[in-house]
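This briefing introduces a protein structure to a reader who has not met it before. Please keep the sequence and the model in view while reading.

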Amino acid sequence: ARLANQIAAGEVVERPASVIKELIENSLDAGATNVHIEVEKGGIKKIRISDNGCGIAKEELTLALSRHATSKIKDLSDLEAINSLGFRGEALASISSVARLTLTSKPKEQATAWQATAEGRDMEVSVKPAAHPDGTSIEVLDLFFNTPARRKFLRTEKTEFHHIDEVIRRIALARFDVSFTLTHNGKLIRQYRLATNQAQYAKRVAMVCGQKFIDNAIEVECQHDNMTLTGWLAKPSFARSQNDLCYSYVNSRMMRDKLINHAIRQAYADLLPHDAYPAFVLFLTLDHADVDVNVHPAKHEVRFHQSRYVHDFIFSVCQQALQSELT
Ligand code: ADP
Ligand code: MG
């Protein structure tokens with residue numbers, strides 16, 4: 001069982017940052033409004049994510065650690081209208097096959113918390129009582145301790161931490177309604193507080209992208225048919241030499257989508273030097289039926305059913321916003 005899970009882990013678990021992404025997504029799927037992320041030594045030594053989500057019942061703990069166990073899809077047709085971030089039931093099994101994973105959880109309805117660990121070649125799960133508030137904590141120690149070849153690919157503590165920070169930025173922009181804290185080696189590095197109005201959203205964006213970005217950004221908000229585009233678009237004068245401030249979301253999921261990027265770039269067309277990148281934080285929302293987000297969950301690509309239409313919408317909203325700035 002461990003070997004099969006390790007092979008699957010090759011796809012999901014590349015480095016500490018990918019572990020953290022999977023675990024935070026689970027917390028969000030569980031409806032958490034507070035997520036604490038603690039890491040030590042770039043996440044290689046320790047990752048601990050605690051949330052105040054719905055928790056996992058004692059009887060479900062063992063299942064949660066086994067492969068292809070997901071509580072999120074009941075039948076195949078659910079795949080079509082999928083709303084949760086995870087649905088393949090692979091993350092926990094994969095992670096626990098390449099690290100020492102401990103799952104501690106307490107659903108509100110349950111009087112006490114329970115803790116589960118999977119160990120050994122057969123990934124035998126042992127469950128014992130524990131102390132924990134409502135919600136779930138997952139601790140991941142010594143990532144890749146049993147797969148030295150993979151461990152070798154890890155970079156310095158600093159680089160790995162940089163990747164973690166970036167993953168959390170992306171998620172923090174997607175979910176203003178959730179607070180996140182990040183500590184590294186016992187030091188508080190990021191604190192994204194709950195944001196519930198436009199001013200607070202802008203404040204969070206400033207924390208993630210820098211005050212300069214917000215000071216130089218045009219606010220966008222446009223609706224057409226069933227599509228909405230909102231967010232911030234940097235003025236052309238705030239051109240970047242890298243594409244390090246390009247955040248686009250489709251129905252709250254972070255995307256790196258060619259069509260979206262193309263539409264935005266085209267809107268900036270003659271306004272930016274050839275070798276410069278625009279900066280933006282943009283949220284596209286449209287009917288779940290009009291978009292296929294499951295093309296590849298790790299690749300951040302989507303398939304729009306009416307791609308030309310979506311492209312032109314994004315292009316014209318951005319172009320108009322940029323033009324209005326010029327006049
Ligand atoms: P998936 O997210 O694809 O369902 P995972 O391996 O990531 O698969 O998680 C397995 C299951 O464990 C989930 O379906 C969910 O029921 C449960 N789970 C994992 N993390 C949490 C959490 N933080 N809070 C509540 N339930 C969780
Ligand atoms: Mg998951």
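The points below move from the whole protein to two helices, the nonpolar core and selected loop residues.

The structure is a predicted model. The protein contains 10 helices and 15 strands. Of its 327 residues, 36% are buried.

**Overall organisation**

- Among contacts in the protein with a separation of 6 or more, 67% join residues that are 24 or more positions apart.
- The largest nonpolar core has 80 residues, and those touching the most other members are I20, I95, L233, F280 and I314.
- Both domain 1 (2-192) and domain 2 (211-326) contribute residues to this core, so the core lies between them.
- As general background, nonpolar side chains in soluble globular proteins tend to be buried together.

**Helix α10**

- Helix α10 comprises the 20 residues 307-326, for which a rise of 1.5 Å a residue predicts a span of 28 Å; the C-alpha atoms at its ends are 29 Å apart, in agreement with that value.
- The buried residues in α10 are V310, F313, I314, V317, C318, A321 and L322.
- These residues cover an arc of only 145° around the axis, and therefore they sit on the same side of α10.
- This spacing can be read against a general rule: an α-helix has 3.6 residues a turn, so residues three or four places apart point the same way.
- R308, Q323 and L326 are exposed on the other side of α10.
- The cover over the buried residues of α10 includes the strands β9 (217-224), β10 (227-234), β13 (280-285) and β15 (301-304), together with helix α9 (258-268).
- I314 belongs both to the buried set of α10 and to the residues that touch the most other members of the largest nonpolar core.

**Helix α7**

- Helix α7 (residues 198-209) has 12 residues, and the distance from its first C-alpha to its last is 16 Å, close to the 16 Å expected at 1.5 Å a residue.
- R204, V205, V208 and C209 are buried in α7.
- Viewed down the axis of α7, the buried residues fall within an arc of 115°, so they line one face of the helix.
- The partners against which the buried residues of α7 pack are α6 (157-174), β8, α8 (211-215), β10 and β13.
- Two of these partners, β10 and β13, are also named among the elements that cover the buried residues of α10.
- G210, just after α7, takes a positive phi of about 100°.

**Loop residues with positive phi**

- In general, most residues other than glycine have a negative phi.
- N185 is not a glycine, yet its phi is positive, at about 50°.
- The position of N185 is in the loop between β7 (179-184) and β8 (187-192).
- N185 counts as partly exposed because it has 14 C-beta neighbours inside 10 Å.
- S252, also a residue other than glycine, has a positive phi near 70°.
- The loop between β11 and β12 (253-255) holds S252.
- With 15 other C-beta atoms within 10 Å, S252 is partly exposed.

**Loop residue N243**

- N243 is located in the loop between β10 and β11 (246-250).
- There are 13 other C-beta atoms within 10 Å of N243, so this residue is partly exposed.
- Although N243 and P278 are 35 residues apart in sequence, their C-alpha atoms are 7.2 Å apart in space.

Technical notes:
Residues are numbered from 1 along each chain as its sequence is written. Chains are lettered from A and ligands numbered from 1 in the order in which they are written. Helices (H or I, at least four residues) and strands (E, at least two) are DSSP runs, numbered from the N terminus. The expected span of a helix is 1.5 Å times one less than its number of residues. A residue is buried if 20 or more other C-beta atoms lie within 10 Å of its own, exposed if 12 or fewer, and partly exposed in between; C-beta atoms are placed from the backbone. The arc is that of the directions from the helix axis to the C-beta atoms. Two residues are in contact if their C-beta atoms, placed from the backbone, lie within 7 Å. A nonpolar core is a set of buried Ala, Val, Leu, Ile, Met, Phe, Trp, Tyr and Cys residues joined through C-beta atoms within 7 Å. Domain bounds come from an automatic or database domain assignment.
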